[in-house]
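Thank you all for coming; I would like to walk you through one structure today, taking a few of its features in turn. Please have a look at it before I begin.

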Amino acid sequence: MDVSQSPSLLTTVCVVWALGAIPTLVVGVLRWDPVGRLGTSGLGAQMNAQLGWFVYELPALLTYPAIYLIVGNRHLVGDVVLALWLLHYVHRSLIWCWLIPKREGFVSMSLVVSSISFNLINGGLLGWYMAFAADYPEQWLLDPRAIVGILLFIVGAKLNVWSDYRMRRLRMEAKGDRVFPSGGPFNHICCPNLAGEMIEWIGFALLTWSLPGFAFALWTIANLVPRALWRRDWYREKFETFPKKRAALIPGVL
């Protein structure tokens, strides 16, 4: 059997992978953090934060595009999806990692290894699907799901990038002191950068309307919701003037 072209195998792998996001979300909300996602030191040796970011984000940039382009079964929707993927990950893995203000910071090897695995799996599943299993009609990009998905991706990307650069500027101005985030969306939620990233990948899932896309969106939520809640708690602890009712991600909800 050619496993690369087996829809049932791909479906099974994607469902199992997606279900794994549920316990990850639960333990994250409960603050069990062996790899250092929530501000702990994590397990294992430490790596420079900038280098670590580059190392563990690079597989996401390379894996999915490599599979899709090497197989050569290209199609219009696949090319559009790939362009959006590259729009995010070229910035994230080749540019943003070197602009992180805390250049002297460190991340644990457990975080690096887990992130590499995460990116290889998601990139591999998306590449597998787009290269072998995708079957989009010619007019798919005019479908409401695709249109809404693209719009959400763009809005989420803009919110994510704007918030990251806003926080970077505030940290540089603080010159090592703790930063009380303010301005724009930061006046309404604690983590607009994380909210923007979740919006991006929910839009990506709608655009692809695929199990790998929805699994990736679910894992993004499972990883980022606990981080947002932890960060809100940290702000509450460190800044007496921080608004106690400010939401982490969604005003009035979460």
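Before I name any helix, let me say that helices here are DSSP runs of at least four residues, numbered from the N terminus, and please keep in mind that what you see is a predicted model. With that numbering, Ile-22 is found in helix H2, and because partly exposed covers the range between 20% and 50% relative accessible area, Ile-22, at 46%, is partly exposed. Ile-22 also belongs to a nonpolar surface patch of about 610 Å², whose other members include Val-15, Leu-30 and Leu-218, and helices H1, H2 and H8 each supply at least two residues of that patch.

Helices H1 and H8 come up again when we turn to the aromatic residues, where the structure holds 28 aromatic pairs. In one of these, Trp-17 and Trp-219 are stacked, at 4.4 Å centre to centre with 20° between the planes; since Trp-17 lies in helix H1 and Trp-219 in helix H8, the pair ties together parts that are 202 residues apart in sequence. Trp-17 counts as buried at 16% relative accessibility, and Trp-219 is buried too, at 9%. Both belong to one aromatic cluster, which also includes Tyr-64, Trp-85 and Phe-153.

Is Glu-197, in helix H7, buried or exposed? Glu-197 is buried, with a relative accessible area of 9%, and, leaving aside residues up to four places away in sequence, Glu-197 touches His-88, Arg-92, Gly-156, Asn-160, Thr-220 and Leu-224.

Finally, the charged end of Arg-145 sits over the ring of Trp-209, 4.8 Å from its centre.

How values were computed:
Residues are numbered from 1 along each chain as its sequence is written. This is a predicted model: local features need pLDDT of at least 70, side-chain atom pairs count only at pLDDT 80 or more; totals for chains, interfaces and linings use all residues. Side-chain values use heavy atoms; hydrogens and water are left out. Patches are made of residues with over 30% relative accessible area and no salt bridge: like charges are joined within 9 Å, nonpolar side chains (Val, Leu, Ile, Met, Phe, Trp, Tyr) within 5 Å. Accessible areas come from the Shrake-Rupley method with a 1.4 Å probe; for residues, only the protein chains shown count as cover. A salt bridge is a side-chain nitrogen of Lys or Arg within 4 Å of a carboxyl oxygen of Asp or Glu. Buried means under 20% relative accessible area, exposed over 50%, partly exposed in between (1.4 Å probe, protein chains only). Contact means heavy atoms within 4.5 Å. Rings of Phe, Tyr and Trp (its six-membered ring) pair if their centres lie within 6.5 Å; planes under 30 degrees apart count as stacked, over 60 as edge-to-face and the rest as tilted. A charge sits over a ring if NZ of Lys or CZ of Arg is within 6 Å of the ring centre and within 35 degrees of the ring normal.
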